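Colleague: Please take a close look at how the helices pack in this model. I would like the surroundings described as well, in one connected account.

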Amino acid sequence: MTFADPSLTTPPDLIKDGTDASFMTDVIEASKHQPVIVDFWATWCGPCRTLGPALEKAVRAAKGAVKMVKIDVDANPAYAGQLRVQSIPTVYAFVNGQPVDGFQGAIPDSQIKAFIDKLTGGEGVNTDVEQLLSLGEESLGLNDLGGAAQAFAHVLTMEPDNQKAIAGMARVYLVEGDAEQAAQTIAMAPADSTEPTVQAVRAQLSLASAAPTGATAELEARLAANKNDHEARFDLAQALASAGDLKGAVDHLLTIVQAEREWNDQAARKQLLTVFEAAGPNSEVARDGRRRLSSILFS
C-alpha cells in the first residue's frame with residue numbers, strides 16, 4: 001500500500017473552480033476571513049496552462065494561508081468584465097472583499113512566491129505594520145482610496161484583529177459612500193473597543209444615520225428667515241456632519257449652545273461631543289471646538 005505525500009494533499013475548498021454565480025461566496029465573502037487568489041483563465045490559453053499549476057503549487061505550499069479560485073472567463077464572463085480583465089491569464093488577490101493586488105501573464109515561480117508572501121505576510125516579506133498603517137492614513141489623506149484599502153488590507157492579512165486597520169478599511173467605505181459596508185467592517189472590532197479610530201468611525205456612522213432627509217438649501221433658507229430657528233440649525237449641522245463637513249457642523253452647534261445652551265435638553269452640546277469623537281480627539285476640529293465650547297460654557 002502507498003500513501004500520498006501529505007504536502008501534496010489539498011484541504012477542502014483550498015483550491016476550487018468558481019463561477020459567476022458562486023463568486024460572492026467563494027471570493028468576496030471568503031476573502032473577509034483570509035486572502036483569496038482568483039485566476040482568470042480559459043481552456044484555449046497556452047500561458048494559462050503554465051501559470052495555473054504553478055499557482056496551485058504555491059497555494060498548497062502556503063499551507064492554508066491563502067485560497068485560490070479558478071474562473072473560466074469563457075463560461076463566466078461577468079466578473080471578469082467588471083474587473084476589466086483584458087487579457088489572460090489575469091490574477092487578482094482579494095482581501096476583505098476588495099481586490100488589493102494582481103498581475104497579468106505567466107510569471108516565474110519565484111515571483112509567484114513573492115506575490116503570495118506579500119499577500120500573506122510570509123517569510124519573503126519584511127513589512128512593518130506601523131509603516132503600512134501610516135501609508136494607509138497618508139493615502140486616505142490624499143483621497144487615494146485604492147492605495148489606502150491595499151495598505152489596510154495588507155495589515156489585516158498579517159493581523160486580522162488589528163483595530164486600526166479595521167477602522168481604516170471602514171473609513172475607506174465611508175468615503176466611498178458605502179455606509180452599510182463600513183458598518184459591517186467596523187463590526188469586526190470589539191463592541192467595547194477603546195481604540196480612538198474605531199470610536200471615530202462608529203461616531204461617523206451615528207452621525208450619518210441621524211442625518212435628516214431633505215436638501216440643506218431648505219434649512220439654510222429657514223435660517224436666513226429666522227436665525228433663532230434652532231431646530232433648522234440643528235438639522236443643518238447634522239446634515240453637514242453626515243456629508244463630512246464636521247467644522248461646519250461644529251460652528252452651527254456652537255451657535256445654538258451660545259444662544260440657548262439648554263435647548264432641547266442640551267441636544268446641541270451632546271451632538272458636539274459626537275462630532276468631536278467622529279473627527280478624532282487630536283484633530284484640529286475637535287481641539288478648536290472644545291476650546292470654543294469651554295469659552296462659551298465658562299464665560
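Modeller: The domain assignment splits the chain of this predicted model into domain 1 (13–118), domain 2 (133–192) and domain 3 (214–296). Between domain 2 and domain 3, the C-alpha centres are 27 Å apart.

The helix packing can be taken up with α12. Helix α11 (residues 230–242) packs on helix α12 (residues 246–259) with the axes 7 Å apart and an angle of about 155° between them. At that angle, over the 145 degrees that serve as the limit, α11 counts as roughly antiparallel to α12. The crossing of α11 past α12 is left-handed. From α11, the residues in contact are H230, R233, F234, L236, A237, L240 and A241. From α12 they are L246, G248, A249, H252, L253, T255, I256 and A259. Sorted by class, this contact of α11 with α12 comprises 10 nonpolar, four polar and one charged residues.

α12 also packs against helix α14 (residues 284–297), here at an angle of about 5° and with the axes 11 Å apart. An angle under 35 degrees counts as roughly parallel, and α12 and α14 are therefore roughly parallel to each other. On the α12 side, this contact uses L246, K247, V250, D251, L254, V257 and Q258. They meet V285, G289, R292, L293, I296 and L297 of α14. The contact of α12 with α14 has eight nonpolar, two polar and three charged residues. L246 of α12 is listed in the contact with α11 and in the contact with α14.

Another helix pair is formed by helix α5 (residues 129–141) and helix α6 (residues 145–158), whose axes come within 7 Å and cross at roughly 155°. This makes α5 roughly antiparallel to α6. α5 goes past α6 in a left-handed crossing. The α5 side of the contact consists of V129, L132, L133, L135, G136, E137, S139 and L140. On α6, the contact is made by L145, G147, A148, A151, F152, H154, V155 and M158. In the contact of α5 with α6 there are 11 nonpolar, four polar and one charged residues.

Helix α2 packs on strands instead. Helix α2 (residues 46–61) lies across β1, β2, β3, β4 (90–95) and β5, and runs at about 160° to β3. These five strands form an open sheet of mixed pairing, in the order β1-β3-β2-β4-β5. β1 (15–18) and β5 (98–104) are the edge strands, each with a single partner strand, so each has one side without a neighbour in the sheet. On average, neighbouring strands of this sheet are turned by 25° against each other, direction ignored. In general, the strands of a sheet pair through backbone hydrogen bonds, in either a parallel or an antiparallel sense. Strand β2 (residues 36–41) pairs with strand β3 (residues 67–72) in the parallel sense, over six bridges. Within β3, M68 is the bridge partner of I37.

Two backbone details belong to the loops around β4. I88 and P89 are joined by a cis peptide bond, with omega about 0°. P89 is in the loop between α3 (78–82) and β4. N96 is not a glycine, yet its phi is positive, at about 55°. The loop that holds N96 runs between β4 and β5.

Key
Residues numbered from 1 in each chain as written. Predicted model: local features only at pLDDT ≥ 70, side-chain atom pairs only at ≥ 80, totals over all residues. Heavy atoms only, no water. Axes fitted to C-alpha atoms, helices over the stretch in contact; angles between N-to-C directions. Helix = DSSP H or I, 4+ residues; strand = E, 2+ residues; numbered from the N terminus. Parallel < 35°, antiparallel > 145°, perpendicular 65-115°, else oblique. Left-handed = near helix turned anticlockwise from the far one by under 90°. Contact = heavy atoms within 4.5 Å. Nonpolar A, V, L, I, M, F, W, Y, C, P; charged D, E, K, R; others polar. Domains from an automatic or database assignment. Pairing = 2+ DSSP bridges.
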